[in-house]
Amino acid sequence: MRTWLAFFNDKHIGVTYDDSGYSKEQIRTYYSKEEKTNWTDSIFASYLNKKQSGRDSLEGLWKDQSGAYQIGIVRDKEKKNDFIGFIIKADGARWVPGQVKLKISKKGGKYFLKYYRAVDHSLNSLSFNKRKDTLILGDANVTAKWYRNSVIVPQSSQNEQNSAISSVFRILDDKTCLFEMPAFASLENVKVMDSLIKKNAGELDKRDHLIIDLRNNYGGSVLGYDKLIPYLYTSPILTEGANVLATEENIRDYYGKIPLNASDTRKKVLERNLSILKAHVGELYPLYPVDTVRMPKVLSYPKYVSLIVNKSTASAAELFILQAKQSSKVKIYGTNSSGAIDYLEVVRIELPCGFYRLGYPACKSLRLPGQPLDNIGIKPDIEIPLKVSDWIDFVRTHRTK
């Protein structure tokens, strides 16, 4: 399915995995025939405790970023230049102990990933780097990081993986503060962001420089950046306009689903949009005309705002960039953004095979066909050189020179 959908070359079209409607037993049964090894945590612990001069530095215990998963990596008994990564600790449903998570080969002192299985056990072709005690899989958008661990955590003591990615506010020095905004994905993320802005308003009102780190922010709700606009505003801002394909299915599966936890104001907007689309079924309707954001005043602080973006800054985060770059306070640092912005508002429908959903966009930017950005991205004002490892410090010092 992914191969067929790749024809569209659109980052908002895809098949996603969703097992939320199934029991742990049903999920385990679904994956019960996946490749397994005979390694167990006790056998592997004994193996690691034995002194072996020929053991490769890759062999050992590794845990993922969340701490919910732990794998053992060991040399393949049959292929001396190959390594197997198997589950020791996991979520207990999608992955169980003994199942093979990855395979790696070694040639000329370098490691190469043969395959890596994602949460849905799909095979993924990823770049692979071993940097001392860290394994990095993926490119600009880090798909996975694994860190060397010293102790096997028993399966019985595991915690369910927490997938929430939250925003963070930090003061870097007497002139500079930082928002790390890795996602706008849910209303919970929006609430966290709004709370952080409110809590730190006093700091924002006296710092010269605000850095907003949008790296790997794959988008979500445009409400995620709404409360930041006053801090970067210098003149009226034009917003993106878009048409919506008002079919009965799109209305039913997306526009008709109004979140229960949405604010009263937001519900009124969504109900209005729903009513309009129902009156224009079968049309590509201009639901979002180009609009202008006007603020009552320009704030004295921060004096300048820097956005850090990379190839995985996408969708709603790119809409934010387009608005922010209209301000004379703002400069964009990093690389071109993702280029996932021409077609938005993803409709998700369940497929007959149960665990999977098809996602596709129903909303088309009014910039098209004249100004496409998909798979091109938004160019930064200042590119950060590849040799720079600390992007935040680079931006902090560059804007204060």
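1. The open sheet in this predicted model has six strands in the order S11-S12-S13-S18-S19-S22, with mixed pairing; strands are DSSP runs of E with at least two residues, numbered from the N terminus, and two strands pair if DSSP finds at least two bridges between them. Strand S11 (168-171) and strand S22 (382-383) stand at the edges, and because each has a single partner strand, one side of each is left without a neighbour in the sheet.

2. Within this sheet, strand S12 (residues 176-180) pairs with strand S13 (residues 209-213) in the parallel sense, over five bridges, and Leu 178 has Ile 211 in S13 as its bridge partner.

3. Helix H9 (residues 316-324) lies across S13, strand S18 (304-309) and strand S19 (330-334), and runs at about 150 degrees to S18. Helices are DSSP runs of H or I with at least four residues, and angles run from 0 to 180 degrees between N-to-C directions, with axes fitted to C-alpha atoms, for helices over the stretch in contact (heavy atoms within 4.5 Å).

4. The buried residues of helix H7 (residues 248-255) are Asn 250, Ile 251, Asp 253 and Tyr 255, where buried means under 20% relative accessible area, exposed over 50%, and partly exposed in between (1.4 Å probe, protein chains only). They pack against elements including helix H8 (264-278) and strand S20 (343-350).

5. Residues are numbered from 1 along each chain as its sequence is written. Local features need pLDDT of at least 70, side-chain atom pairs count only at pLDDT 80 or more, and totals for chains, interfaces and linings use all residues, while side-chain values use heavy atoms, with hydrogens and water left out.
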